[in-house]
Amino acid sequence: MLSVKAMSGGQDHYYLGLTPQGEYFTGSGEPPGLWLGEGARQMGLSGEIDHEEFSFTFHGFSPDGARKLVQNAGEKNRRPGWDLTFSAPKSVSVAWSQADRELGGEIRAAHLESVTKAFNYLEAHCGYTRRGKGGFIREKGKLVAVAFEHGTSRAHDPQLHTHVLLLNIGVQPNGFTGALTSKEFYEHKMAAGAIYRAELAHQLESRLSLEAEQTRTWFELKGVNKDLISHFSKRRREVEAALAEKGYSGAKASEIAALDSREVKKEVDRRELFKEWRATGKELGWGPEAFRELVSQSQPSHVESAEVGARRCVEEAIEKITGHEAYFSERELIRRAAEAAPGTGLSAARIMDAAEEYLKEEAIELETERGYRQFTTQEMLELEREMLDRVGHSREQSGHEVSDREVSRVLKEFEKRGDFGGLNDGQK
């Protein structure tokens with residue numbers, strides 16, 4: 001799952017406070033932040049963050065604080081960036097909470113790799129800066145971001161998620177920097193979230209042979225104790241209670257209820273949380289041994305080749321889209337195809353390649369003024385042409401055809417009623 005939230009000025013202290021330097025290595029804190037993005041690498045930033053460098057760039061300055069990277073650097077009303085939060089499905093978080101150090105490390109690595117793949121997709125399709133009078137010149141830039149991995153919900157249930165803090169700085173190949181336009185990130189949010197989930201399912205199968213089972217637009221892992229999942233869903237129950245109290249439903253209402261019902265997140269020693277989680281697992285008949293046994297016994301099998309499976313995901317996506325719309329964008333096709341991927345063993349890259357191949361070889365590109373490419377299928381184009389032909393034909397007609405049988409039936413009823421004293425031959 002992926003949520004996007006605009007950040008405000010003083011939040012650098014909040015995120016840095018959750019990863020105090022040195023505490024992770026004692027086992028008590030969350031992992032340190034990691035730099036992401038070609039823009040960060042172009043600025044010489046990679047690996048673990050330095051807190052001072054992060055604070056400077058968060059506020060729009062160069063990593064050493066010596067110069068402004070955007071016009072309004074350091075100003076209170078400046079938008080510092082956006083929090084892109086990638087959350088693992090509940091069964092993945094629960095499995096991680098019960099895994100031993102080795103297997104837990106593999107789950108975290110799978111999660112980070114999936115976050116990185118989704119972020120790379122965003123970097124390829126978003127990240128525009130404006131310059132010149134009135135921002136008339138629009139240029140593609142590279143992104144600067146920091147990934148903070150967290151392991152708990154506000155209710156202290158296991159919830160493996162990563163905050164990718166996308167800083168409001170776009171970096172051009174020539175070194176020019178400027179503020180980003182945000183519209184594209186929201187437009188590509190659903191596609192990026194689907195790519196994250198598709199890649200996570202692939203990574204967990206590749207690394208640990210765990211099987212993914214589709215659940216609407218996401219997936220859950222087969223074999224993870226359902227009682228344990230239910231027990232560790234306290235935060236979800238809080239949101240549902242808030243919704244029920246106000247009589248609301250739907251994804252947007254859930255998002256609002258989640259914000260309204262949340263308490264201040266309290267820092268808790270990660271070591272103590274794992275002790276509590278595993279004690280709960282033991283009470284419910286699960287734990288590190290049970291999870292390792294699940295890993296050793298799981299043997300995913302796929303009857304389709306990668307090529308056939310990827311093609312089927314694209315066809316399912318096309319069928320779902322054209323059931324409601326006559327045309328679609330590249331991002332919509334990628335999103336729907338990636339949503340169909342968990343359980344197939346296919347990587348997100350394989351799915352995106354199949355979608356691109358379909359757009360190049362089979363889809364029909366339409367003329368559009370929307371600012372992005374739009375496509376349709378040959379079948380939808382023919383259907384639309386047929387409908388337009390029917391409309392044109394009907395406009396050329398001065399009347400409309402009625403069968404002889406229907407005319408005879410109406411005449412008989414008319415005469416039977418004796419309306420107006422009957423009809424003469426001309427009227428008939």
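Modeller: Before we start, contact here means heavy atoms within 4.5 Å, and the structure we are looking at is a predicted model.

Colleague: Leaving aside its neighbours within four places in sequence, which residues is Ile107 in contact with?

Modeller: Ile107 is among the residues with the most contacts inside the largest nonpolar core, which has 77 residues. Once the neighbours within four places in sequence are left aside, the residues in contact with Ile107 are Val92, Ala95, Trp96, Ala99, Leu160, Leu204, Leu208 and Phe291.

Colleague: Which helix gives the most to the largest nonpolar core?

Modeller: The core in question has 77 residues, and those with the most contacts inside it are Leu84, Ile107, Val164, Phe291 and Leu333. With 10 residues, the helix that gives the most to this core is the one spanning residues 189-208, namely H8.

Colleague: How many residues does the second, separate core have?

Modeller: This second core is separate and includes Leu16, Ala40, Ile49 and Leu165. Its number of residues is 17.

Colleague: Is the pair of Trp96 and Trp277 stacked, edge-to-face or tilted, and how many residues apart in sequence are the parts it ties together?

Modeller: The ring centres of Trp96 and Trp277 are 6.0 Å apart and the planes stand at 55 degrees, so the pair is tilted. Trp96 counts as buried at 2% relative accessibility, and Trp277 counts as buried at 3%. Because Trp96 lies in helix H5 (residues 90-98) and Trp277 in helix H12 (residues 270-283), the parts tied together by this pair are apart in sequence by 181 residues.

Colleague: Which residues form one aromatic cluster with Phe54?

Modeller: Phe54 and Phe58 are 4 residues apart in helix H4 (residues 51-58), and therefore about one helical turn separates them. Phe54 counts as buried at 0% relative accessibility, and Phe58 likewise counts as buried at 0%. The aromatic cluster that contains Phe54 is completed by Phe58 and Phe148.

Colleague: Is Arg216 buried or exposed?

Modeller: Arg216 is found in the loop between S9 and strand S10 (218-221), and although it is not a glycine it has a positive phi of about 55 degrees. Its relative accessible area is 69%, and since the cut-off for this class is over 50%, Arg216 is exposed.

Colleague: At what distance from the ring centre of Tyr128 does Arg138 lie?

Modeller: The charged end of Lys140 sits over the ring of Tyr128, 5.8 Å from its centre. Arg138 also lies over the face of Tyr128, and its distance from the ring centre is 3.8 Å.

Notes. Residues numbered from 1 in each chain as written. Predicted model: local features only at pLDDT ≥ 70, side-chain atom pairs only at ≥ 80, totals over all residues. Heavy atoms only, no water. Core = buried A, V, L, I, M, F, W, Y, C linked by side-chain atoms within 4.5 Å. Buried < 20%, exposed > 50% of the residue type's maximum accessible area, 1.4 Å probe, protein only. Helix = DSSP H or I, 4+ residues; strand = E, 2+ residues; numbered from the N terminus. Phe/Tyr/Trp six-rings, centres within 6.5 Å; stacked < 30°, edge-to-face > 60°. Lys NZ or Arg CZ within 6 Å of the ring centre and 35° of its normal.
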